[in-house]
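Me: I've got a fold on my screen and a few labels I'd like explained. Can we go through them one by one?

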Amino acid sequence: MWRSLRPLGRSAASGGYRRYAWTDADADCRLWFRMQAEARRLDVETDRNGNQWAWLGDPTAGDAVVTGSHLDSVPDGGAFDGPLGVVSSFAALDELRARGASFKRPLAIVNFGDEEGTRFGLACVGSRLTAGRLTKEQAYELRDADGISLPQAMEAAGYDPDAIGPDPERLARIGAFVELHVEQGRALDLSGDAIGIASSIWPHGRWRYDFAGEANHAGTTRLVDRRDPMLTYAETVLAARREAELAGAVATFGKIAVEPNGVNAIPSLVRGWLDARAADQDALDAVVAGVETAARDYADRHGIDLTVVRESFTPVVDFSHALRDELSRILGGAAASSTGTSGPSGKVPVLGTGAGHDAGILSESIPTAMLFVRNPTGVSHSPAEFAAEDDCLAGVRALADVLEELACR
């Protein structure tokens with residue numbers, strides 16, 4: 001499976017992945033998912049929001065156990081973020097069938113659409129729509145860098161944008177969702193554990209900063225006569241780092257758009273996107289307020305007009321304690337010792353994360369949990385993202401143990 005998925009949407013120049021929503025690369029990944037599901041005699045359906053579901057058993061029976069993740073990527077992203085969860089789900093089903101497991105509850109493997117939010121600037125679009133945390137009207141306002149709207153992109157890819165919206169009936173049929181994901185940090189590497197269980201997801205959001213100045217000639221305009229928004233933007237980037245350090249949080253300006261974007265022109269507009277995350281809401285609020293205060297102070301000094309817009313926000317996610325404890329019991333017992341999922345302490349560690357996931361979006365609607373697979377470098381959202389084969393196999397066995405307990409007993 002890994003070999004067949006690896007070339008899809010991969011850039012020859014960077015070695016990273018460019019699997020963006022509703023593009024040819026996305027279509028290739030969706031076809032791959034369908035072929036893997038059909039090879040396992042699973043019934044495949046695409047829901048009203050473009051998420052793919054592969055079913056074993058009756059989807060309408062209720063109390064289903066669902067696993068999976070996503071196949072899209074950030075720009076030049078790594079091979080593991082998202083796809084490891086989908087590949088491992090199919091492999092876990094293979095493992096359960098090899099064990100001769102008998103399923104008492106329906107099982108589904110899901111590929112959520114547009115999880116990374118690369119094209120339209122909002123993460124977890126597929127799961128947000130399904131859970132009613134993104135309205136149809138809001139979705140219709142989403143546009144990519146070329147001005148193409150989400151409904152236009154869906155229609156061009158052969159999907160019906162008129163159908164999108166909340167799907168409470170589908171969620172009501174799900175008893176538990178367990179998402180396996182490569183860890184996007186080094187906590188497991190530092191503790192010596194191959195597998196971890198998620199406790200929570202930090203609150204996080206994205207804010208757009210528009211710094212408007214005055215375009216002018218780079219060679220003839222005196223420094224004192226300039227209204228250069230790039231200076232204010234640069235000072236704001238440094239302020240974000242300072243505020244994050246003070247709060248024990250993280251804050252990143254990772255995307256920028258400049259107009260007119262000429263080498264010999266002073267910009268008229270610099271637009272930057274702030275990604276801020278913290279362990280609790282108070283710390284996040286302090287970071288966001290501190291960055292904006294500093295930005296407005298710099299803007300006033302340089303004669304720059306500043307507009308700040310919050311484009312997305314996700315509050316702290318505290319995963320279902322009952323389901324999380326059940327995973328700890330399953331993986332901390334006899335099965336864990338035989339499959340190599342427990343670490344030096346004999347217990348599977350429980351850890352929080354600053355990364356957002358579909359499981360977090362769905363947590364308000366259904367019981368959700370997450371498993372993490374060790375990332376020896378902690379690098380993610382990069383072609384250097386990595387997980388060792390032995391750890392990936394340990395993840396498959398751990399997921400199979402969990403699914404067997406939840407769906408077969």
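Me: How much accessible surface does the chain have, and what share of it belongs to carbon and sulfur atoms?

Reply: This is a predicted model, and its chain has an accessible surface of about 17,200 Å². Carbon and sulfur atoms hold 50% of that.

Me: What makes the chain as compact as a globular protein of that length?

Reply: There are 14 helices and 15 strands in the chain. Its radius of gyration is 23 Å, and the globule rule gives 22 Å for 409 residues; the two are close, so the chain is as compact as a globular protein of that length.

Me: Why does Trp22 count as buried?

Reply: The cut-off is under 20% relative accessible area. Trp22 comes in at 10%, so it counts as buried. Trp22 sits in the loop between helix H1 (2–5) and helix H2 (24–39). Across the chain, 54% of the 409 residues are buried.

Me: And why is Asp63 called partly exposed?

Reply: Partly exposed covers what falls between the 20% and 50% limits. Asp63 has a relative accessible area of 43%, so it gets that label. You'll find Asp63 in the loop between strand E2 (52–56) and strand E3 (64–70).

Me: What is the phi of Trp22, and what is that of Asp63?

Reply: Trp22 has a positive phi of about 65°, and Asp63 a positive one of about 60°. Neither Trp22 nor Asp63 is a glycine. Most residues other than glycine have a negative phi.

Me: How do you know which kind of peptide bond joins Glu259 and Pro260?

Reply: Look at omega: it's about 0°, and the bond is cis. Pro260 is in the loop between strand E9 (250–259) and strand E10 (265–266).

Conventions:
Residues are numbered from 1 along each chain as its sequence is written. This is a predicted model: local features need pLDDT of at least 70, side-chain atom pairs count only at pLDDT 80 or more; totals for chains, interfaces and linings use all residues. Side-chain values use heavy atoms; hydrogens and water are left out. Helices (H or I, at least four residues) and strands (E, at least two) are DSSP runs, numbered from the N terminus. The radius of gyration is taken over C-alpha atoms; the globule rule is 2.2 Å times the number of residues to the power 0.38. Buried means under 20% relative accessible area, exposed over 50%, partly exposed in between (1.4 Å probe, protein chains only). Accessible areas come from the Shrake-Rupley method with a 1.4 Å probe; for residues, only the protein chains shown count as cover.
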